[in-house]
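Here is a short set of exercises to work through at your bench or your desk. Take each task on its own, try it with the structure open, and then compare your steps with the solution.

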Amino acid sequence: MTGTFAYSPLLPTGRSTARMRRLGIEGVSAVRAQVPGPDGTLQEQEFLRIEPEVFTQLAKEAFTEVSHFLRTDHLASLRRILDDPEASANDKYVALDLLENAVVSAGEVLPMCQDTGTAVITGKRGANVLTDGHDAEYLARGVHAAYTELNLRYSQLAPLSLFDEVNTGTNLPAQIDLSLDAKPGYEILFMAKGGGSANKSFLYQETKAVLDEERMLDFLAAKISTLGTAACPPYHLAVVIGGTTAEYALKTAKLASAHSLDDLPTSGDARTGHGIRDPEFEQKVFELTQNLGFGAQFGGKYFCHDVRVVRLPRHNGSLPVALAVSCSADRQVIARIDADGVFLEQLEHDPAQFLPAARTAEEIESGDVTRIDLDRPMDEIRAQLSEREVGDRLSLTGTMIVARDIAHARLRALLEKGEELPAYFRDHPVYYAGPAKTPEGMPSGSFGPTTGARMDTYVRDFQAAGGSFVMLAKGNRSRAVTDACREFGGFYLGSVGGPAARLAAECITEVEVLDMEDLGMEAVWRIRVEDFPAFVVVDDKGHDFFDRTGVAALGLGRTRTAAQDGTAL
């Protein structure tokens, strides 16, 4: 059986309808030229000429914007959590913390997250556009300008050999994918994708057996639960079912998580097989996420802001299913270049309008808190923590050591050579984090927690050697960490993932490199903190908050300790 030819893009979407603002970037002009028509005769046609500096200036502006500002609908979604009587106290606490962080970040000094991300650029170039063909290079120059001139972080590692790598010191290379489009002009999506949310992109190779609503919901419930809280929910979750290839399913999931495919058709075409959205199934998956118990990191219903479900065509012997999330640092912005100039999506520059009244904020933040002096001997700190229960809130003041992946690997190498851990790793709590650059006149750049699970394999060896007894990070840990804490008397303390700017502005008072300076951002740092918010996730008795049955619920609230006059310090 042979069908007639029919064609549609796999993802038939239009140009963005987002509210845009015109940038004062020159270098776009309309030119007319005589070109051969279908019949061979010359016809006059209008082209759009774009000079190289347009791409560079646009990319710099785009990554400046997404580092400090969020979309209005994302902030409005956080505010809806505060206004929802069914939201848990923990949902509201996290939503308020993230809104307050957005207000600090909007000052354009501290980026909203310390992981300022991989620069990801996806563009559609119209057939009428004239450039010299080096568009990607000019866009990369703009990425370079943003990351080297602003208070951002360099996270890209260049391979020197199969196992050796070095930080590029510029946050390049960027991932730049440009394609042709029949529509006139140029549309570009700029994304800053942090490692935490990127690590929560998953691909499953399934079969037709799950192409049934009940089985698919059961399948997704299991797989979505594995996302955990390490990537800073509430999430914008994308589910892609099908795909001509596995990599296309994953790419589509990333675009859908950025709401770039919202105008996909909602019904299919047997002739072309283009992708579709299913809003009804999206609502069912969203309700599923509300019943998982994770909530906005620490129990409740707001594990996700929303869900997008895209169905793609597939080979009859293959059914890829892809998941992707955009985290609380929901960093993407759309740009358009046309005959009228250069335009950038209007992000929200006044996030303070979404904050609740002061009294409401005080109610959300209220609660008991235990002050922990980190400058006492480690045995005394552990003894005080041992009196607390999983879920208890803490306010940390004093000295912490900052170290994560590469530093942990070097410290383990010392143990493997028969040497001791450095005294600083035995005497102080360790905070898993990597700071952004420090703004002039401030003690710290954005400095929020990183994913604790990345350091799980080191914990038992370090605690057996007398170190890493008190750890601070975000997200859940493995059973191996819980077992080690029970065996050696250790603790894992959690912090809200996301409010890196607020922590830098309000809680971190001193920062200095202590060891392994050659690692740059990944060096070992000594920091001093005041009223740093935390809570007990894993204790020395083997209790783990994320292992508790039923709907998880921690009593979060203000971590400022009370002064003698009853006011908050």
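**Exercise 1. Cysteines**

Task: Find how many disulfides there are in this predicted model, and explain why C304 is in none.

Solution: The count comes to zero disulfides. To see why, start from the cut-off: a disulfide needs two cysteine sulfur atoms within 2.5 Å. For C304, the closest cysteine sulfur belongs to C327 and lies 12 Å away, which is too far for a bond. Now move on to C327: its nearest cysteine sulfur is that of C232, at 5.7 Å, and C327 is in no disulfide either. Finally, check the surroundings. C304 is buried, with a relative accessible area of 0%, and C327 is buried too, at 10%.

**Exercise 2. A small set of strands**

Task: Work out the order of the strands in the three-stranded open sheet, and say which strands stand at its edges.

Solution: The order is 2-3-5, and the pairing is mixed. Strand 2 (28-36) and strand 5 (129-130) each have a single partner strand, so they stand at the edges and one side of each has no neighbour in the sheet. Next, look at how strand 3 (residues 42-50) pairs with strand 5: the sense is parallel, over two bridges. To find this pairing on screen, go to R49, whose bridge partner in strand 5 is L130.

**Exercise 3. Two helix pairs**

Task: Describe how helix 2 packs with helix 3, then do so for helix 11 with helix 13.

Solution: Begin with helix 2 (residues 72-83) and helix 3. Their axes come within 8 Å and cross at roughly 145 degrees, and the crossing is left-handed. On the helix 2 side, the contact residues are L75, L78, R79, I81 and L82; they meet D91, K92, A95, L96, L98, L99 and A102 of helix 3. Sorted by class, this contact has nine nonpolar, no polar and three charged residues.

Now turn to helix 11 (residues 405-416) and helix 13 (residues 456-464). Here the angle is about 35 degrees and the axes are 11 Å apart; this crossing is left-handed. Helix 11 contributes D405, H408, A409, L411, R412 and L415, while helix 13 contributes T457, Y458, D461 and F462. These residues divide into five nonpolar, two polar and three charged.

**Exercise 4. Backbone details in loops**

Task: Locate the cis peptide bond between L172 and P173 and the one from P233 to P234, and then examine the positive phi values of E108 and M516.

Solution: Take the cis bonds to begin with. Between L172 and P173, omega is about 5 degrees, and P173 is in the loop between strand 7 (165-167) and strand 8 (175-181). From P233 to P234, omega is near 10 degrees; P234 belongs to the loop between helix 6 (213-225) and strand 11 (235-243).

Next come the phi angles. E108 is not a glycine, yet its phi is positive, near 65 degrees. You will find E108 in the loop between helix 3 (89-105) and strand 4 (118-126). M516, not a glycine either, has a phi of about 55 degrees and sits in the loop between strand 22 (508-515) and strand 23 (524-538).

As a last step, are these two residues buried, partly exposed or exposed? E108 is partly exposed, with a relative accessible area of 44%, whereas M516 counts as buried, at 10%.

Terms used. Residues numbered from 1 in each chain as written. Predicted model: local features only at pLDDT ≥ 70, side-chain atom pairs only at ≥ 80, totals over all residues. Heavy atoms only, no water. Axes fitted to C-alpha atoms, helices over the stretch in contact; angles between N-to-C directions. Helix = DSSP H or I, 4+ residues; strand = E, 2+ residues; numbered from the N terminus. Left-handed = near helix turned anticlockwise from the far one by under 90°. Contact = heavy atoms within 4.5 Å. Nonpolar A, V, L, I, M, F, W, Y, C, P; charged D, E, K, R; others polar. Buried < 20%, exposed > 50% of the residue type's maximum accessible area, 1.4 Å probe, protein only. Pairing = 2+ DSSP bridges.
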